[in-house]
Amino acid sequence: MHHFDLDLTVDFDHRTLQGSVEHHLEESDRPEAILHTRDLRIDSVEIEEPRGWRAATHRLDATDDVQGEILHVEIPEGATRLRITYRTSPQAPGLQWLEPPQTAGGTFPFVYSQGQSIHNRSWIPCFDDPARRITFSAVLRVPAGLRAVMAAEDQSVEAEARQGVYRYRMPQPIPSYLVAMAVGDLAFEPLGPRTGVWTEPCMLARAAAELSDTEKMVEAVERMFGEYRWGRYDVIVLPPSFPLGGMENPRLTFATPTILAGDKSLVALIAHELAHSWSGNLVTNETWNDFWLNEGFTVYLERRIQEELYGRARSEMEAMIGRSRLEDTLEELGPESRDTWLELDLGDRHPDDSMTDVPYEKGYLLLRLMEESFGRERFDRFLRAYFDAHAFETMTTARFIDYLRKELFTQDPAAAARIDLEAWIHGPGIPDTAPRAQSDAFERGEEAAEAFVATGALPEGTSKWNPLQWIHFLRRLPRGLDRDRLEALDASFSLTDTGNAEILCEWLRLGISSDYSPAYDRADDFLHRVGRRKFVQPLFEELVKTDTGRERAERIYSTARPTYHSMTSNTIDQILAN
Ligand code: BES
Ligand code: ZN
C-alpha cells in the first residue's frame with residue numbers, strides 16, 4: 001500500500017468524518033494487509049479483484065492502549081485495491097472539533113487534524129508508521145460556506161467548491177503522520193509568490209503582517225540547504241486550542257495563534273516548521289526512537305534561518321533560551337535518565353512521550369558542535385548532500401552515524417576526534433564539549449535579574465529590550481519572590497497585560513509561585529482561551545504546588561478541559577491526578 005484515495009464527509013452535528021479510503025495494493029500486502037485503526041466504526045472491508053468488488057475476510061485485534069486496534073485483511077492473488085468504509089468517533093484523538101465560541105470569529109464550527117505521532121489512524125485506517133511512505137488523493141465534503149484545506153496540493157474545482165467539495169492530492173511520498181486537514185471559515189492571503197497564510201477572516205490581516213517574512217525564510221533555507229521540493233509553502237493559523245506551537249504538515253504548516261505577538265518576535269516557530277520541509281519531511285525519522293533526527297536537525301536549521309533573517313544576536317538569544325529549557329528538563333528527568341540520550345528507547349510507551357526538549361536542544365548542540373569543529377562551509381555542504389542523498393527516504397540513528405563518519409568525519413580526523421558521538425547519542429546529559437551560545441544583552445539581563453532579586457532595583461534601559469530579553473530576565477528570577485517586588489515590576493512594565501504569550505507564561509508562573517493575586521485572574525482567563533500545551537502545562541504545574549492553588553486549578557480545569565485538545569487534556573489529567 002503506497003497510495004490511497006480518501007473520500008470523507010465532514011459532519012459537524014455528529015462530530016464525525018464518514019466515508020471511505022481505498023488503498024492501492026502491492027505484492028508486499030499479500031497474503032495479509034495490516035492497517036492501524038483507533039476507535040473507528042468500520043462498516044465494510046472490501047477488495048477489488050478483476051471481477052469487481054467483494055467483501056474481504058478480515059479481523060480486528062482487541063484494543064491496545066498505545067496502538068489502538070490493528071486490522072488484518074486477507075489479500076488474495078490478483079486483488080488490486082482495498083476499500084474500507086467507516087466513520088470516526090467523536091472522541092478521535094487525531095481530530096479536534098470546535099464549537100463556534102472556540103473560534104476567533106465565533107460564528108462557524110471548526111475541525112482540524114493532528115497526526116503526529118500516531119493519531120492519524122483515528123481518522124484514516126492506514127499503515128501509520130513513519131517507516132513507510134505514501135502518496136494520496138482526497139475529497140473532502142463540507143457544509144457549504146465552510147472551506148476545507150489540506151497539507152497537500154489543491155485540486156479543487158470552483159463550481160464544486162461552492163457546493164463544499166474540495167479535492168487535494170499529495171504527489172510526493174510522505175509518512176502517514178503528515179496527512180492533515182482543517183475545515184472552518186477560512187480566508188487566504190498571499191505572502192509571496194509561493195507562500196501565503198490561511199486563517200479565519202478576522203485574524204487574516206494580523207496573521208499576514210506577522211508572517212510577512214515567510215517567503216524570505218524559504219529563500220534563505222534554499223540558499224543554504226537546497227531546493228524546496230514541495231511546491232507551495234503556506235501556513236494556517238488555527239484557533240487558540242491548537243495543542244502545539246506548530247506542526248510541519250507538508251506545504252501547509254499548522255500554527256498556534258499565540259505566535260501573533262504583533263512584532264514578529266515569535267516567528268522562530270515558522271522557521272522551525274519550515275525547516276522540517278528538509279529535516280523530517282524530506283528525510284524522516286524511521287522510528288520514533290530516532291526523533292532527534294527530525295527535531296534536533298530542525299532546531300539547528302531554524303536557528304540558521306533566524307541568523308540569516310534577523311542576525312546572529314537574535315539566534316544566539318534563542319539558543320540560550322533553548323539551553324536553559326534543556327537544563328530544566330534534565331533536572332526534571334534526572335540527569336542520568338535514559339530519556340536524555342539522543343537515541344531514545346520508547347519500548348511500549350506512547351511516542352508522544354518523546355516530546356521533551358532533549359531531542360530538540362541536545363540534538364541542536366551536537367549539530368552545532370559539528371559546525372564549529374568542521375567549519376560552517378564544510379558542514380553546510382555535508383548537510384545539503386545528506387538531504388539530497390536521502391530525499392523522500394527514512395533514516396535511523398545508526399545509518400546516520402555511518403553516513404556521518406563516511407562523509408564528514410573522514411574529511412578532518414582532527415575535528416572528528418573532538419566529537420564523542422557515543423557520549424552524545426548513547427549517553428545521558430549534556431557532554432562537556434557542548435558549544436555555548438553567547439549574548440551580551442542576556443548577560444546584562446542576568447545582572448539586572450540579580451540586582452532585582454538582591455535589592456529590588458528595577459531593570460534599566462528596558463525600553464530597548466526585545467521580548468527575548470524579557471523572557472530570559474523572567475526565567476532568571478527565582479520562584480516565590482516577594483509579592484511587593486512583583487507588584488513593582490508589574491506597575492512599571494505592565495507584564496500582566498502583555499500580549500506576548502511567551503512572556504506572559506513566564507510571568508504568570510512567577511506570579512503564581514509568589515501568590516501574586518493579579519496573576520491568578522489572568523491565568524484563569526488565559527487557560528480558558530489558550531490550549532497550547534507548552535503554556536497550559538507549566539501553569540497547572542505551578543498552581544497545584546499549594547492547596548489553594550490546587551483548588552483553583554481544579555475549578556479552572558472543570559470548565560477549561562472541554563475546550564482542550566486531547567494532547568493537552570491527557571497531560572493535565574495526569575498533573576491533577578497526582
Ligand atoms: N513536530 C513537532 C510537533 C510534535 C512533536 C507533534 C511531537 C507531536 C509529537 C513540531 O515541529 C514542533 O516541534 N513544534 C514545537 C515548536 C517548535 C518551535 C519547537 C511546539 O509545538 O512547541
Ligand atoms: Zn519540530
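**Entry 1: a pair of strands**

I began with β19 and strand β20 (residues 252–255), which pair in the antiparallel sense over two bridges. This is a predicted model, so I read each value here as computed from it. I then looked up a partner: Met-247 has Phe-254 in β20 as its bridge partner.

Next I asked which sheet these strands belong to, and in what order its strands lie. I found an open sheet of five strands with mixed pairing, in the order β16-β17-β18-β20-β19. Its edge strands are β16 (187–190) and β19, each of which pairs on one side only.

**Entry 2: around ligand 1**

I turned to ligand 1, which has 18 residues around it. Gln-116, Gly-245, Glu-248, Glu-273 and Tyr-360 come nearest.

Which atoms of Glu-248 and Glu-273 did I look at? In Glu-248, an N or O atom of the side chain is 2.7 Å from a nitrogen atom of ligand 1. In Glu-273, an N or O atom of the side chain is 2.7 Å from an oxygen atom of the ligand. I also noted Gly-246, where a polar backbone atom is 3.2 Å from a nitrogen atom of ligand 1.

How much of the ligand does the protein cover? On its own, ligand 1 has 520 Å² of accessible area, and the protein covers 89% of that.

I then checked which elements give two or more residues to the shell, and they are β19 (246–247), α4 (268–275) and α5 (291–310). It was nice to meet β19 again here, the edge strand from my first entry. The largest share, three residues, comes from α4. Sorted by class, the shell has seven nonpolar, six polar and five charged residues.

**Entry 3: strand β12**

I looked at which way the side chains point from strand β12 (residues 147–150). Arg-147 and Val-149 point one way, Ala-148 and Met-150 point the other way, and all are buried.

The partner I looked up for β12 is strand β15 (residues 181–184). The two run antiparallel and are joined by four bridges. Within this pairing, Ala-148 has Val-183 in β15 as its bridge partner.

**Entry 4: aromatic rings**

I counted ring pairs next, and the total came to 33 aromatic pairs. Why does the pair of Tyr-557 and Tyr-564 count as tilted? The ring centres are 6.2 Å apart and the planes stand at 35°, so the pair is tilted. Both Tyr-557 and Tyr-564 are buried.

I also followed ring pairs from residue to residue and reached a cluster. Among its members are Phe-225, Trp-292, Phe-297, Tyr-300, Tyr-364 and Phe-379. Phe-382, Tyr-386, Phe-387, Phe-400 and Tyr-403 belong to the cluster too.

**Entry 5: two loop residues**

Where does Glu-286 sit? I found Glu-286 in the loop between β21 (283–285) and α5. Its relative accessible area is 21%, and it is partly exposed. Glu-286 and Asp-129 are 157 residues apart in sequence, yet their C-alpha atoms are 8.4 Å apart in space.

My last stop was Gly-78, in the loop between β7 (69–74) and β8 (81–87). Is Gly-78 buried or partly exposed? With 35% relative accessibility, Gly-78 counts as partly exposed. Along the chain, Gly-78 and Glu-49 are 29 residues apart, and 6.1 Å separates their C-alpha atoms.

How values were computed:
Residues are numbered from 1 along each chain as its sequence is written. Chains are lettered from A and ligands numbered from 1 in the order in which they are written. This is a predicted model: local features need pLDDT of at least 70, side-chain atom pairs count only at pLDDT 80 or more; totals for chains, interfaces and linings use all residues. Side-chain values use heavy atoms; hydrogens and water are left out. A residue is near a molecule or strand if one of its heavy atoms lies within 4 Å of it. A polar contact is a pair of N or O atoms within 3.5 Å; within protein, one must be able to donate a hydrogen and the other to accept it, and residues adjacent in sequence count only if both atoms are side-chain atoms. Accessible areas come from the Shrake-Rupley method with a 1.4 Å probe; for residues, only the protein chains shown count as cover. Ala, Val, Leu, Ile, Met, Phe, Trp, Tyr, Cys and Pro count as nonpolar, Asp, Glu, Lys and Arg as charged, and the others, Gly among them, as polar. Two strands pair if DSSP finds at least two bridges between them. Buried means under 20% relative accessible area, exposed over 50%, partly exposed in between (1.4 Å probe, protein chains only). Rings of Phe, Tyr and Trp (its six-membered ring) pair if their centres lie within 6.5 Å; planes under 30 degrees apart count as stacked, over 60 as edge-to-face and the rest as tilted.
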